[in-house]
Amino acid sequence: MKTLIFGAGNLILSDEGFGVHFVNYMAEHYLLPENVELYDGGTLGIMVTHKFEEADKVFLVDIVDAPGKPGEIHRYKKEDIMLNKIPVKMSPHQIGIQEMLLISEMRGACPDDLTFFGIIPSSLDPGNELSPALQAGLPQIASLVAAELSEAGIEITAKEQPIVKR
C-alpha cells in the first residue's frame, strides 16, 4: 500500500507555508518506510493531482479557513471534502482541494482513503517563518498522522534528536 503525505502552501506568506513546513518537519523528525512518500506540493494545485492518484492512502496538510483560533487543528475525511462540508477555498494559494479531488474522481483514480489535516493560520503576511501557534502545530499534526499510520499497520519511527547543552 502506497501512502502519500502531501503538504501544500506558499513559503513566502508565513503561515500559508504550513503544509510545506510540515513535510520538512516529518522528514527531519521521522524515519519513514519506502511505501510512505513525503511530497512538497507547494502552490502547484491541479498540476500535482497525479500524486493523489498514485497513492492508496493520502494525508493532505494545509491551512484551513474555518471557525476557531489560530493553531486549532481540523480533521476531514474525503467525504467531508467532496460533500462540501468544509470551506470551498481552504487557503488562498490553491485552486481548491475539492477541484483537485473532483478531477481525480472524474478520472476514476481518486483514492478512497484520504484525510485532510487543516490548521487555522495566524498570519498570511509576507515572511518565511511560521507564527508561534502554527510552529506548535507541527509536532501535533505529526503525532496525529503517525497515530493514523500506526492504526493502518504502517510503523514510522521518531528520529532521536541530539541533546542541546546550554
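The questions and answers below walk through a predicted model, from its sheet to its helices, cores and ring pairs.

Visitor: In what order do the 5 strands of the open sheet stand?
Guide: The pairing in this sheet is mixed. Its edge strands are S3 and S5 (73–77), each pairing on one side only. Neighbouring strands are turned by 20 degrees against each other on average, direction ignored. The order is S3-S1-S4-S6-S5.

Visitor: Do S1 and S3 pair in the parallel or the antiparallel sense?
Guide: Strands of a sheet pair through backbone hydrogen bonds, and both senses are possible. Between S1 and S3 there are 6 bridges, and Leu4 stands opposite Glu37 in S3. The sense of this pairing is parallel.

Visitor: In which sense do S5 and S6 pair?
Guide: Arg75 stands opposite Phe117 in S6. S5 and S6 are joined over 5 bridges, and their sense is antiparallel.

Visitor: Which residues make up the covered face of S5?
Guide: In a regular strand the side chains alternate between the two faces of the sheet. In S5, the uncovered face holds Ile73, Arg75 and Lys77. The covered face holds His74 and Tyr76.

Visitor: Is Leu4 buried or exposed?
Guide: Leu4 is found in strand S1. Not counting residues up to four places away in sequence, Leu4 touches Glu37, Tyr39, Lys51, Phe52, Ala55, Lys57, Val58 and Phe59. Its relative accessibility is 0%, and the cut-off for burial is under 20%, so Leu4 counts as buried.

Visitor: What distance separates the C-alpha atoms of Leu4 and Tyr39?
Guide: Along the chain, Leu4 and Tyr39 are 35 residues apart. In space they are in contact. Their C-alpha atoms are separated by 7.1 Å.

Visitor: How many of the 12 residues of H1 are buried?
Guide: Helix H1 covers residues 18–29 and reaches 16 Å from its first C-alpha to its last, close to the 16 Å expected. H1 packs on the sheet, touching S1, S3, S4 and S6, and its direction makes about 135 degrees with that of S1. Among its buried residues are Phe18, Phe22, Met26 and His29. H1 is mostly covered, and its count of buried residues is 9.

Visitor: Which element gives the most residues to the largest nonpolar core?
Guide: Nonpolar side chains tend to be buried together in soluble globular proteins. This core has 22 residues, and those touching the most other members are Ile5, Phe18, Phe22, Met26, Ile141 and Val145. H1, S4 (57–63), S6 (113–119) and H5 (132–151) each supply at least two residues. The one giving the most, with 7 residues, is H5.

Visitor: How many residues are in the second, separate core?
Guide: This core includes Val58, Ala66, Ile81 and Ile120. Its residue count is 19.

Visitor: At about what angle does H5 run to S6?
Guide: H5 lies across S1, S4, S5 and S6. From this helix, Val145 is in contact with Ile5, Phe22, Met26, Phe59 and Phe117, leaving aside neighbours within four places in sequence. The angle between H5 and S6 is about 160 degrees.

Visitor: Is Glu148 buried or exposed?
Guide: Glu148 has its place in helix H5. Leaving aside neighbours within four places in sequence, Glu148 is in contact with Lys57, Phe59, Arg75, Thr115 and Phe117. Its relative accessibility of 14% falls under the 20% cut-off, so Glu148 counts as buried.

Visitor: Why does the pair of Phe6 and Tyr39 count as stacked?
Guide: The pair links distant parts of the chain, with Phe6 in S1 (residues 3–8) and Tyr39 in S3 (residues 36–42), 33 residues apart. Both Phe6 and Tyr39 are buried. Their ring centres are 5.7 Å apart, and planes under 30 degrees apart count as stacked. The pair is stacked because its planes are at 25 degrees.

Visitor: How far apart in sequence are the parts that Phe59 and Phe117 tie together?
Guide: The rings of Phe59 and Phe117 have their centres 6.4 Å apart and their planes at 15 degrees, so this pair is stacked. Phe59 is buried at a relative accessible area of 0%, and Phe117 is buried at 1%. Phe59 lies in S4 and Phe117 in S6, so the parts tied together are 58 residues apart.

Visitor: Which residues form one aromatic cluster?
Guide: The count of aromatic pairs comes to 5. The cluster is formed by Phe6, Tyr39 and Phe52.

Definitions and conventions
Residues numbered from 1 in each chain as written. Predicted model: local features only at pLDDT ≥ 70, side-chain atom pairs only at ≥ 80, totals over all residues. Heavy atoms only, no water. Helix = DSSP H or I, 4+ residues; strand = E, 2+ residues; numbered from the N terminus. Expected span 1.5 Å × (residues − 1). Buried < 20%, exposed > 50% of the residue type's maximum accessible area, 1.4 Å probe, protein only. Core = buried A, V, L, I, M, F, W, Y, C linked by side-chain atoms within 4.5 Å. Contact = heavy atoms within 4.5 Å. Phe/Tyr/Trp six-rings, centres within 6.5 Å; stacked < 30°, edge-to-face > 60°. Pairing = 2+ DSSP bridges. Axes fitted to C-alpha atoms, helices over the stretch in contact; angles between N-to-C directions.
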